[in-house]
Amino acid sequence: MYVNKKTERALASRQALIESARRLFEAKGYAATSTEELLAQTGLTRGALYHHFRDKKALFDAVCDAVHRELVLVIEEATREVTDPRDALRAGSHAWMRAVADPRRARLLLIEAPAVLGPDAWNSTDARHGYASLREGVQQAMGKSGRTPAALDAVAVALNGTMNELARWVAADASRLDEALAVVDAALAGFQAS
């Protein structure tokens, strides 16, 4: 597909804004990051910022979306060669926990995003990425168990909430990761046995 120079520059500007904003949001948080600081870091104008994003909140949403997509790739990589669906669910859950427990990612996705974006927007973003991937893994792991879609959703919601809270807990103290992964394993075993 041919992309003209103007479009190429616009895409590069948008990407530069997202990458710079991510570094600032991870380091300082949403509230402490000013648009002036962001523009100084990128060398772009306020007009370029508002050409791509309605406001700072929209830029933050784009950063969160990029991090979610990154995490989906982490899960896909961890499960690529795993053939048993139960093992894939475990491998994907562990990969996600390790990746999102990074304090920078946890700050963005699990602490600031629900507050900045609001619960509805946050749930919508999570539903498109993390939750969708988890629910698919749960469905494959449970196979033809006779469970209703509501029962599959209940398991996925419970696992999603458990892993989000554990990731926040681990982000505060990385030495907790092994304990958190053991709890994830116990939760998966419990749901698979029931």
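How many aromatic pairs does the structure hold? The structure holds three of them. The model is a predicted one, and the exercises below work through parts of it.

**Exercise 1. Describe the overall make-up of the chain.**

Step 1. Take the secondary structure: the chain comes to 10 helices and zero strands. Read from the N terminus, the elements therefore run α-α-α-α-α-α-α-α-α-α.

Step 2. Take the extent. Along the principal axes, the C-alpha atoms of the chain fill a box of roughly 55 × 40 × 30 Å.

Step 3. Take the burial. Of the 194 residues in the chain, 43% are buried.

**Exercise 2. Work out which residues form an aromatic cluster, and what the pairs within it connect.**

Step 1. Recall how such a pair is described: by the distance of the ring centres and the angle of the planes.

Step 2. Begin with the three aromatic pairs of the structure. One of them joins F25 and F60, with 5.1 Å centre to centre and 75 degrees between the planes. Planes over 60 degrees apart count as edge-to-face, so the pair of F25 and F60 is edge-to-face.

Step 3. Place the two residues. F25 belongs to helix α1 (residues 5–28) and F60 to helix α4 (residues 56–79), so this pair ties together parts that are 35 residues apart in sequence.

Step 4. Check their burial. The relative accessible area of F25 is 1%, so F25 is buried. For F60 the value is 0%, and F60 is buried too.

Step 5. Turn to Y30 and F60. These form an aromatic pair with 5.2 Å centre to centre and 70 degrees between the planes, again edge-to-face. Y30 lies in the loop between α1 and α2 (35–42), while F60 is in helix α4, so the pair ties together parts 30 residues apart in sequence.

Step 6. Decide whether Y30 is buried. Its relative accessibility is 17%. Because buried means under 20%, Y30 counts as buried.

Step 7. Combine the results: F25, Y30 and F60 form one aromatic cluster. The ring of Y30 also has a charge over it, since the charged end of K56 sits 4.3 Å from the ring centre.

**Exercise 3. Test whether the length of helix α8 agrees with its number of residues, and find how its buried residues are arranged.**

Step 1. Helix α8 covers residues 130–142, which is 13 residues. The expected span is 1.5 Å times one less than the number of residues, so α8 should span 18 Å.

Step 2. The end C-alpha atoms of α8 are 18 Å apart, which agrees.

Step 3. List the buried residues of α8: G130, Y131, L134, R135, G137, V138, A141 and M142. Seen down the helix axis, these buried residues fall within an arc of 160 degrees, so they line one face of α8.

Step 4. Relate this to the general geometry. An α-helix has 3.6 residues a turn, so residues three or four places apart point the same way.

Step 5. Look past the end of the helix. G143 follows α8, and its phi is positive, near 50 degrees.

**Exercise 4. Find the cavity and the largest pocket, and name the helices around each.**

Step 1. A search of the whole structure finds one cavity of 30 Å³ or more. The largest cavity has a volume of about 40 Å³.

Step 2. The residues lining the largest cavity are L89, V138, A141, M142, V155, L159, L188, F191 and Q192. Helices α8, α9 (149–172) and α10 (177–193) each supply at least two residues of this lining.

Step 3. Take one lining residue further. L159 is found in helix α9, and its relative accessible area of 3% makes it buried. The C-alpha atoms of L159 and Y131 are separated by 9.3 Å, with these positions 28 residues apart along the chain.

Step 4. Now take the largest pocket, with a volume of about 450 Å³. The pocket is lined by 29 residues, and I75, G92, S133, L134 and G137 lie nearest its centre.

Step 5. Two or more lining residues come from each of α4, α5 (85–100), α6 (103–117), α7 (119–128), α8 and α9. Helix α8 gives the most, with seven residues.

Conventions
Residues are numbered from 1 along each chain as its sequence is written. This is a predicted model: local features need pLDDT of at least 70, side-chain atom pairs count only at pLDDT 80 or more; totals for chains, interfaces and linings use all residues. Side-chain values use heavy atoms; hydrogens and water are left out. Helices (H or I, at least four residues) and strands (E, at least two) are DSSP runs, numbered from the N terminus. Buried means under 20% relative accessible area, exposed over 50%, partly exposed in between (1.4 Å probe, protein chains only). The arc is that of the directions from the helix axis to the C-beta atoms. Rings of Phe, Tyr and Trp (its six-membered ring) pair if their centres lie within 6.5 Å; planes under 30 degrees apart count as stacked, over 60 as edge-to-face and the rest as tilted. A charge sits over a ring if NZ of Lys or CZ of Arg is within 6 Å of the ring centre and within 35 degrees of the ring normal. On a 1 Å grid over the protein atoms alone, a cavity is a set of points where a 1.4 Å probe fits but cannot get out, and a pocket is an open set with protein on both sides within 12 Å along at least five of seven lines; lining residues have an atom within 4 Å of a point. Grid points are joined across faces, edges and corners, and a volume is the space filled by probe spheres set on the points.
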